[in-house]
Amino acid sequence: MGNWSRTKVLRLAKGFQGRAKNCYSLAIVRLHKSLQHAYRGRKLRRRIARRDWITRINSALSEQSVKYSCFIHGLNVYSNVALNRKVLAELAVNEPYSFRAVVNEVIEQAGIPRVELPPMSYEEAKVQGDTHVPVSYTHLTLPTICSV
């Protein structure tokens, strides 16, 4: 921003509130900060998208009694299925039968055990202190290490 003209700075500051859209000295400071926020936002957008993909995949896997961590480990290490999280999330949402076929293939190739989730009411989860966790995730019977 060292050699930006005054008109370019004020043009980019269009839409700012108060004197930041008219006054060059205020506009350059606010513009610099807004560009920092934009840079950080581009990184956050990718992070949030990945988090959403993982949530969707985990939700679809819990319906099939498979732990997410074991599934991803089996997918990356033991199976010949080459799908990333974005594609898996799209399959889980839009094509549940195709997703189930992929999960069954990975389970067969990697030997992943299925997790039996006992039914639990909200009151039981509340007693355990897990009120913020969905009911289906509150009780896992497998050890924490995946037995693959």
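1. In this predicted model, the count of aromatic pairs comes to one. The partners are Phe71 and Phe99, whose ring centres are 6.5 Å apart and whose planes meet at 55°, an arrangement classed as tilted. Phe71 belongs to helix 3 (residues 68-78) and Phe99 to helix 5 (residues 96-110), so the pair ties together parts of the chain that are 28 residues apart in sequence.

2. The surroundings of the two rings deserve a remark. Phe71 has a relative accessible area of 0% and is therefore buried. Phe99 is likewise counted as buried, because its relative accessible area is 1%, and buried means under 20%.

3. The overall architecture may be stated briefly. The secondary structure consists of six helices and zero strands. Followed along the sequence, the pattern reads α-α-α-α-α-α. Of the 148 residues in the chain, 24% are buried.

4. Helix 2 covers residues 24-63 and includes Lys43. Where does Lys43 gather with other residues in a patch of positive charge? The patch is on the surface, and Lys43 shares it with Arg42, Arg45 and Arg46. Lys43 itself has a relative accessibility of 37% and so counts as partly exposed; that class lies between the limit of 20% for buried residues and that of 50% for exposed ones.

5. Ser25 is also placed in helix 2. With a relative accessible area of 46%, Ser25 is partly exposed. Its C-alpha atom is separated by 9.7 Å from that of Arg6, and the two residues are 19 residues apart along the chain.

6. The loop between helix 2 and helix 3 holds Ser65. A reader examining the backbone may wish to look at this residue: Ser65 is not a glycine, although it has a positive phi of about 60°.

7. Helix 4 spans residues 85-94, and Ala89 is found in it. Is Ala89 buried or exposed? Ala89 is buried, because its relative accessible area is 1% and the cut-off for burial is under 20%. In space, Ala89 and Ile54 are 7.3 Å apart from C-alpha to C-alpha, while in sequence they are 35 residues apart.

8. Pro96 lies in helix 5, the helix that also contains Phe99 of the aromatic pair. What is the relative accessible area of Pro96? The value is 43%, and Pro96 is therefore partly exposed. The C-alpha atoms of Pro96 and Ala60 are separated by 8.2 Å, with their positions 36 residues apart along the chain counted as their distance apart.

9. To draw the points on helix 5 together: Phe99 is buried, with a relative accessible area of 1%, whereas Pro96 is partly exposed at 43%. In helix 2, both Lys43, at 37%, and Ser25, at 46%, are partly exposed.

Key: Residues numbered from 1 in each chain as written. Predicted model: local features only at pLDDT ≥ 70, side-chain atom pairs only at ≥ 80, totals over all residues. Heavy atoms only, no water. Patch = residues over 30% accessible without salt bridge, like charges linked within 9 Å, V, L, I, M, F, W, Y side chains within 5 Å. Areas by Shrake-Rupley, 256 points an atom, 1.4 Å probe, with all protein chains shown as cover. Salt bridge = Lys/Arg side-chain N within 4 Å of Asp/Glu carboxyl O. Lys, Arg positive; Asp, Glu negative; His and termini not counted. Charge placed at Lys NZ, Arg CZ, Asp CG, Glu CD. Helix = DSSP H or I, 4+ residues; strand = E, 2+ residues; numbered from the N terminus. Buried < 20%, exposed > 50% of the residue type's maximum accessible area, 1.4 Å probe, protein only. Phe/Tyr/Trp six-rings, centres within 6.5 Å; stacked < 30°, edge-to-face > 60°.
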